[in-house]
Amino acid sequence: MSIDTSSPGVPRERADARRNRQLLLEAAASCVAEKGTAVAALDIAEHAGVSVATLYRRFTSKEALIEQVLLDLLDQLNTVAAHALTDRDAWDGLSGFIVAFARMNKDNHGLSEALGSQETEALATAQRKLRDAIRDLTSRARLAGVLRDDITWQDIAFVPKAVLVDRECIGLTAGEREWERCLTLLLDGLRTPSPTPLPGTGPTGP
């Protein structure tokens, strides 16, 4: 028995399914950014305005939905890296990538977790692609004479995570751009001598 796909209800159902899938992806992205990958399926569904049952109809599991969010984040980061490799200035390309990487890492708890997980082959593949890009950016900068010879691409991979500063420290309160100030200091430590003006204002307190 064949199904009449010309029935008025079928296109509507497919449109609703696509809409719910997109709502769930957007909700999951927001929840993962704020809470990390441990966010509950109920929280995602409520954020999307759909039922948990709808989540499991559109995705095989909460983990499958979150994996897609993490892959999207890594894809964004790989796109940034690919663009950086086209920069005519090797240092601008490398430093611009590091700043973008650090900003994404600071603003998204899920990205930080995605970078430390290789639970699926898809995530491992995305990470390999990112490692290759960092290796190429590092090589370009070194060949251009703008990066210290003793800095490896593996060092560069850890720099964006090194500036995840807390708001409070020994009674001092960090400024909104404190992470950028710390990152600027780190970048100047990587390059051949040429100090960069620090952005924003320093921490305040007693």
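**Figure 1. The whole protein in a predicted model.** Of the contacts in the protein with a separation of 6 or more, 60% join residues 24 or more positions apart. Nine helices and two strands make up the list of elements. If you trace the sequence from its start, you meet them in the pattern α-α-α-α-α-α-α-α-β-β-α. The protein has 206 residues, and 38% of them are buried.

**Figure 2. Helix α7, residues 121-143.** How far does this helix reach from its first C-alpha to its last? The answer is 33 Å for 23 residues, close to the 33 Å expected at 1.5 Å a residue. Now look for the buried residues of α7: they are Leu123, Ala124, Ala126, Gln127, Leu130, Ala133, Ile134, Leu137, Thr138 and Ala141. As you compare their numbers, keep a simple rule in mind: an α-helix has 3.6 residues a turn, so residues three or four places apart point the same way. The cover over the buried residues of α7 includes α4 (62-84), α5, α6 (109-115) and α8. After the helix comes Gly145, with a positive phi near 80°.

**Figure 3. The largest pocket and its lining.** Rolling a probe the size of a water molecule over the atoms shows where empty space is left. Here, the largest pocket has a volume of about 270 Å³. Its lining is formed by Phe101, Leu115, Gly116, Gln127, Leu130, Arg131, Ile134, Trp153, Ala157, Phe158 and Lys161. Two or more of these residues come from each of α7 and α8. Which helix gives the most to the lining? That is α7, with four residues. Gln127, Leu130 and Ile134 may look familiar, as they are among the buried residues of α7 and also line this pocket.

**Figure 4. A charge over a ring, at Arg135 and Trp153.** Find the ring of Trp153 and look for the charged end of Arg135, which sits over the ring, 4.5 Å from its centre. Trp153 also belongs to the lining of the largest pocket. As for rings that pair with each other, a search of the whole structure finds one aromatic pair.

**Figure 5. Helix α9, residues 178-190.** Does the span of α9 agree or disagree with its number of residues? At 1.5 Å a residue, its 13 residues should span 18 Å, and the end C-alpha atoms are 19 Å apart, which agrees. The buried residues in α9 are Glu178, Trp179, Glu180, Arg181, Leu183, Thr184, Leu187 and Leu190. Among the elements that cover them are α5 (90-107) and α8 (153-158).

Notes: Residues numbered from 1 in each chain as written. Predicted model: local features only at pLDDT ≥ 70, side-chain atom pairs only at ≥ 80, totals over all residues. Heavy atoms only, no water. Expected span 1.5 Å × (residues − 1). Buried < 20%, exposed > 50% of the residue type's maximum accessible area, 1.4 Å probe, protein only. Contact = heavy atoms within 4.5 Å. Phe/Tyr/Trp six-rings, centres within 6.5 Å; stacked < 30°, edge-to-face > 60°. Lys NZ or Arg CZ within 6 Å of the ring centre and 35° of its normal. 1 Å grid on protein atoms, 1.4 Å probe; cavity = no way out; pocket = protein on both sides within 12 Å on 5 of 7 lines; lining within 4 Å. Points joined across faces, edges and corners; volume = space filled by probe spheres on them.
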